[in-house]
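Got your viewer open? Let's take a walk through this structure, one selection after another.

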Amino acid sequence: MRSPESDHHILRLAKEVITAPSLISIPGPFLARFTRLWYFNRVLSGNFDKENLDLHKKYGPIVRLSPGHYSISKKADVKTVYGAGSRFTKAAWYDAFKEPSPHNWSVFTDRDNKRHSETRRKFSSLYSMSSLLHYEGFVDASASIFMERLNEFAQKEETIDFHHWLQCYAFDVIGQITFGQRFGFLNKGEDIMGAISTVRQILVFSCLAGIYVEWYPLLYKLMNSLPGSGPRGLLFIINFVVDKVRQLNEKRIQGGENPSETTIPKTQDFMERMAVARDENPAKITDYHLQMMGNSNVIAGSDTTAITLSAIMYYLLRTPHVHCRLRREIDEFTSQNRCSERITFKESQEMPYLQAVIREALRMHTATGLPLWREVPSGGAEINGYFIPQGSAIGINTWVAHYDEEFFPDAKSFIPERWIEGITDAEQLRKMNEMYMPFGLGGRTCLGKHISTLEIYKLIPQLIRDFDFELENQTWTTENLWFVKPMDFRVKVLLRKQE
Ligand code: HEM
C-alpha cells in the first residue's frame with residue numbers, strides 16, 4: 001500500500017512534469033540530448049571558452065551540453081547555484097582531479113561541504129594577504145633572477161616563449177612560498193623534473209575523464225603505470241610533496257625543535273607553518289593536510305598565475321595606448337620616489353591604472369575555461385523556468401560571464417578605463433562587479449588569490465618599466481583544457497628604449 005507521503009511525492013513529481021517545460025525541451029545541440037560524447041569532443045577540441053559563448057548566443061541562457069550537463073549564463077541563475085546558502089555542491093567532475101579513493105580529497109576537489117569549510121577555516125589565515133606579505137622577499141628573489149634572464153635575452157634581442165618563462169617564474173615562486181625553496185626553473189628555463197608538463201598531463205586527463213567520472217577509477221587504474229599519463233603525473237606530484245613533508249619532519253626532529261617553542265618568524269614557508277600547526281594540534285591537523293595543501297598549491301597555483309601574467313602582457317602589447325599610459329604612471333611614481341628598484345606590493349597598490357589593467361586582463365582572459373560545475377541537490381532545481389533533476393551538473397563558465405555585453409559593454413575590447421571610478425559611474429561598476437568572477441564564486445572561491453595577486457602586482461610594473469617587448473604574432477592561439485593556456489606567445493625582448 002502506498003503511504004500518504006509517497007502519494008504526495010508522486011503528485012509533486014507529476015506537477016513538476018506538467019508545469020515545468022520538460023528536460024527534453026532545454027535547448028542545445030541535437031547530439032548533446034543523447035550522449036556526453038558531444039561535450040567530451042568539444043572540450044577535447046580545446047576551444048570551449050569561445051564555443052561556450054557561441055552556444056549561449058545561439059540557444060539562450062541555459063544550454064544542454066549533455067544529458068546531464070547544463071551551462072547557464074544569467075545572473076539570477078548564478079545566484080541560485082553559487083549564492084549564499086546554496087545547497088549545490090561541487091559536481092562529481094572534480095573527483096577526477098584526485099586519487100580515486102574516498103579517503104583522498106583536497107581543498108579543491110572536496111565535495112563534502114562540512115569538511116571543506118572546516119579545512120578552509122583551518123588554513124585560510126595562511127593565504128590571507130597580511131600573512132602573505134611575509135613572502136614578499138621570496139617573490140623578490142625569483143623576480144630578480146627573472147630580470148637577470150630577461151636582461152640576457154635583451155642583450156641579444158632574443159625572441160622567447162614568454163609564457164614558458166612566466167611559468168618558470170610562477171613555479172619558482174610557488175616552490176619557494178610552499179617549500180622554502182625555488183624549484184630552479186628560472187636558472188635555465190628547463191622544465192625541471194618535467195613538472196610543467198606533468199601538471200598539463202593531469203589537467204588534460206582530469207578535465208576529460210571527469211565527464212565520464214563513473215569510469216574514472218578504472219581509467220586511473222589502467223593508466224597509472226603509463227609514462228606521460230595524467231594518473232602518472234598526479235602520482236608524481238603527490239610523491240614529490242610526500243617526500244617534501246618527510247624531509248621537513250626529519251629536519252624538525254634532527255633540529256630538536258620543540259613544537260610549542262617554534263615561532264612563526266623562524267618558520268617561514270607554508271609547509272613549516274603547517275607543521276607548527278600540526279604539532280600544536282595533532283588531533284585536527286595531520287601530515288595528510290600538509291600533503292594535500294602542498295599538492296593544491298603546485299597544481300592550482302602555478303599555471304593559473306602564469307596564464308594571467310601572460311594575458312596581462314599580451315593585452316598590453318596589443319594595445320599600445322594602454323601600455324603607454326601604464327608606463328607613464330609607473331614613470332611618474334618613479335620620479336616621485338614612490339617606486340623602489342624591486343617594486344613593493346604596497347607601492348603597486350597605489351597605482352590606479354595598474355589595478356585597472358590587471359582587472360581588465362583577468363576579465364578578458366580568465367585562467368579557467370570550463371563551467372565551474374556544481375551538482376543539483378536532492379529534489380532538483382528550477383533554473384530559468386526549467387526543472388533540472390537532482391544529480392545533474394550545472395554551472396557557469398567565467399568566459400560566458402565576462403563577455404556578457406549586458407554587463408560589459410564592448411566586451412571584446414580591452415578597456416581598463418571601464419574599471420576606473422569617475423570614468424565609469426558607480427551603478428555600472430556595481431553591475432560589472434556582480435558578474436566578475438575570475439577567482440570563482442561563493443564558498444569555493446580561489447584560496448590562492450592573494451598569492452597570485454602578490455606575484456602579479458610585483459612583476460608587471462617591473463617588466464613595463466625596464467623592458468620593451470615585441471609580439472611575434474599579433475594574435476595568439478590558446479588551448480583550453482580547464483586552464484586556457486597560450487600556445488604561441490612569443491616576444492622579442494629588448495632593453496627599454498630611451499624616450
Ligand atoms: C590568477 C591566478 C588564479 C586564478 C585565475 C584562479 C582561479 C580559480 C578559480 C576560478 C577557482 C574556482 C574553481 C571552481 O570553482 O571550480 C579557484 C579555486 C582554487 N584555487 Fe585558484 N586561481 C589562481 C591562483 C591560485 C593560486 C596561486 C593558488 C594556490 C597557491 C590557487 C589555489 C586554489 C585552490 C586551493 C582552489 C580551490 C578552493 C576551494 O574549493 O575552496 N589558485 N581558483
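Is Arg246 buried, exposed or partly exposed? Select Arg246 and have a look: its relative accessibility is 39%, so Arg246 counts as partly exposed. Keep in mind as we go that this is a predicted model.

**Stop 1: along helix H12**

Keep Arg246 selected and add Glu250. These two form a salt bridge, and their closest N and O atoms are 2.9 Å apart. Both sit in helix H12, which covers residues 230-254, and they are four residues apart, about one turn of the helix. Glu250 comes out as partly exposed too, at 37% relative accessibility.

Now pick Lys251 and Glu272. Here is another salt bridge, with 3.2 Å from N to O. Lys251 belongs to helix H12 but Glu272 belongs to helix H13 (residues 270-280), so this pair ties together parts that are 21 residues apart in sequence. How do the two ends compare? Glu272 counts as buried because its relative accessibility is 11%, under the 20% cut-off. Lys251 is partly exposed, with a relative accessible area of 46%.

**Stop 2: a bridge between distant parts**

Select Glu417 and Arg325. Their side chains meet in a salt bridge, 3.2 Å from N to O. The two are 92 residues apart: Arg325 is in helix H15 (residues 320-335), while Glu417 is in the loop between H18 and H19. Glu417 has 16% relative accessibility, so it counts as buried, whereas Arg325, at 32%, is partly exposed.

Next, try selecting Lys75, Glu427, Arg430 and Glu434 together. Salt bridges with shared partners join these four into one network. How many salt bridges does the structure hold? The count is 33.

**Stop 3: the rings**

Time for some aromatic side chains. A pair of rings is described by how far apart the centres are and by the angle of the planes. There are 38 aromatic pairs to find here. Show Phe408 and Trp419: the ring centres are 6.2 Å apart and the planes meet at 50°, so this pair is tilted. Phe408 and Trp419 are eleven residues apart, both in the loop between helix H18 (398-402) and helix H19 (426-434). Both residues are buried.

Leave Trp419 on screen and add Arg359. What does Arg359 lie over? It is the face of Trp419, and Arg359 is 4.5 Å from the ring centre. For a similar view, pick Lys431 and Phe407: Lys431 lies over the face of Phe407, at 5.7 Å from the ring centre.

Then light up a whole group. Ring pairs link Phe162, Tyr314, Tyr315, Phe414, Phe467, Phe469, Trp476 and Phe489 into a cluster.

**Stop 4: the iron atom**

Zoom to the ligand and find its iron atom. Which residue is the only protein donor of that iron? It is Cys446, through its SG atom, at 2.3 Å. Follow the chain around Cys446 and you'll see that this residue is in the loop between H19 and helix H20 (449-466).

**Last stop: out on the surface**

Switch to a surface view and select Phe30, Leu31 and Phe34. Together they form a nonpolar patch with about 370 Å² of accessible area. Zoom in on Phe34, in the loop between helix H1 (4-19) and helix H2 (37-44). Why does Phe34 count as exposed? Its relative accessibility is 53%, and the cut-off for exposed is over 50%.

Conventions
Residues numbered from 1 in each chain as written. Predicted model: local features only at pLDDT ≥ 70, side-chain atom pairs only at ≥ 80, totals over all residues. Heavy atoms only, no water. Phe/Tyr/Trp six-rings, centres within 6.5 Å; stacked < 30°, edge-to-face > 60°. Buried < 20%, exposed > 50% of the residue type's maximum accessible area, 1.4 Å probe, protein only. Lys NZ or Arg CZ within 6 Å of the ring centre and 35° of its normal. Donors = N, O, S within 2.8 Å, 3.2 Å for Na, K, Ca; no water. Patch = residues over 30% accessible without salt bridge, like charges linked within 9 Å, V, L, I, M, F, W, Y side chains within 5 Å. Areas by Shrake-Rupley, 256 points an atom, 1.4 Å probe, with all protein chains shown as cover.
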